[in-house]
Amino acid sequence: MRNGHVQSVWPTLFRKVPMVEPEPEVIATPDDDELHLDWYRQGSDRLAIVSHGLEGHSRRPYVLGLTRALLREGWDVLAWNFRSCGGVMNRQPRFYHSGATEDLGLVVNHGLSGAYDTLFLSGFSMGGNLTLLYLGEQGERVDSRICGAVAYSVPCDLAGSADMLALPSRKIYMQRFLRDLKVKMEEKAERFPDQIDISGFDAIRSFHEFDDRYTAPLHGFRNARDYWAQCSALGRMRDIRVPALMVNAADDPFLSARCFPESRRELGAHVRLEAPRWGGHVGFVEHSKDGFYWSERRALAFLQGLT
């Protein structure tokens, strides 16, 4: 599968990950909203928190694949859903965005309230950006129990990724995102007609337009450019103080050139970038008897060096 588009699409269409049913939990947010969590507990003193991607949820194959691998290595796992994801609409006009680190922080604190000595963070795509941004914002204040993080297919340059997805050759991806987002915005508009207007939604063709019209104003940003500038992990990675691995495939159709920073000035002392030649966007497909993908093996190998 030496093709970025095939790598990106294959798991969504064909991958099945057999898993036990998780233990669901709902936690409240300070602004009278809620987050829906999936727990996989086996009595460990180590917890991994997994964050999904844009318009994903906690039971996507890539989340379940990593969860299964971590469980095999003796970790408890907490996979969580961003606001409005996982099949349950959240209560506030706002939904989720690439810089909603307050929500990830709430989940981290909730996880650490249990009897865990060690916490590991992982995220895919938007969840990867969120993970690295959170750690960058924590900086020196990061909880000592957080041992490190792995992030895959990270659009750490949000503006550049928006430009990539606006290309005609990426139209199939953009159409799918907008189709899913339209369903959500229609429901939001019914609940909050004074704040959300979906007239003319079908004319939207890119994240430039969607984020300008919805994401930015609903979450306190001036416009899409302001949102992207404030929420791109690229500008905060040098502040990260725990070992972090960012894996961005060279053939990822979603990522701009700036999503592959090489200088220590941008990466900082604790972040390492790996750019395998193939892998697509949240793909990293590997055909094996145990059903594991390359990304899952890479996460376990990275963890062995941390704990």
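Let me begin with the interior: the largest nonpolar core here holds 67 residues, and those that touch the most other members are I49, W80, V108, L132, L135, F210 and M237. Helix α6, which runs over residues 171-191, gives the most to this core, with 7 residues. I should say at once that this is a predicted model, and everything I describe this morning is to be taken in that light. As general background, nonpolar side chains in soluble globular proteins tend to be buried together.

To see one of these core members in more detail, take L135, which, if we leave aside residues up to four places away in sequence, touches L121, V142, I146, A149, D239, I240 and V242. Apart from the largest core lies another core, of 29 residues, and among them are Y40, L71, W75 and A299.

Now to the surface, where V9, L13 and F14 make a nonpolar patch of about 280 Å². V9 has its place in helix α1, residues 4-14. Is V9 buried or exposed, then, or something in between? Its relative accessible area is 32%, and because partly exposed covers the range between 20% and 50%, V9 counts as partly exposed.

Next, the backbone. Most residues other than glycine have a negative phi, and with that in mind I would draw your attention to two positions. S153 has a positive phi, near 50°, and sits in the loop between β6, residues 146-152, and α5, residues 158-165. S153 is also buried, at 0% relative accessibility. V282 likewise has a positive phi, near 50°, and its place is in the loop between β8, residues 271-274, and α10, residues 294-304. With a relative accessible area of 12%, V282 is buried, since the cut-off for that word is under 20%.

Finally, let me turn to helix α10 itself, where we find R298. How does an arginine come out on the accessibility scale, buried or exposed? R298 has a relative accessible area of 16%, and because buried means under 20%, R298 is counted as buried. As for what surrounds this side of the helix, R298 touches Y152, L245, R272 and E274, again not counting residues up to four places away in sequence.

So, to gather the threads, I have gone from a core of 67 residues, past another of 29, to the patch made by V9, L13 and F14, and then to S153 and V282 with their positive phi values, ending at the buried R298 in helix α10.

Terms used
Residues are numbered from 1 along each chain as its sequence is written. This is a predicted model: local features need pLDDT of at least 70, side-chain atom pairs count only at pLDDT 80 or more; totals for chains, interfaces and linings use all residues. Side-chain values use heavy atoms; hydrogens and water are left out. A nonpolar core is a set of buried Ala, Val, Leu, Ile, Met, Phe, Trp, Tyr and Cys residues joined through side-chain atoms within 4.5 Å. Buried means under 20% relative accessible area, exposed over 50%, partly exposed in between (1.4 Å probe, protein chains only). Helices (H or I, at least four residues) and strands (E, at least two) are DSSP runs, numbered from the N terminus. Contact means heavy atoms within 4.5 Å. Patches are made of residues with over 30% relative accessible area and no salt bridge: like charges are joined within 9 Å, nonpolar side chains (Val, Leu, Ile, Met, Phe, Trp, Tyr) within 5 Å. Accessible areas come from the Shrake-Rupley method with a 1.4 Å probe; for residues, only the protein chains shown count as cover. A salt bridge is a side-chain nitrogen of Lys or Arg within 4 Å of a carboxyl oxygen of Asp or Glu.
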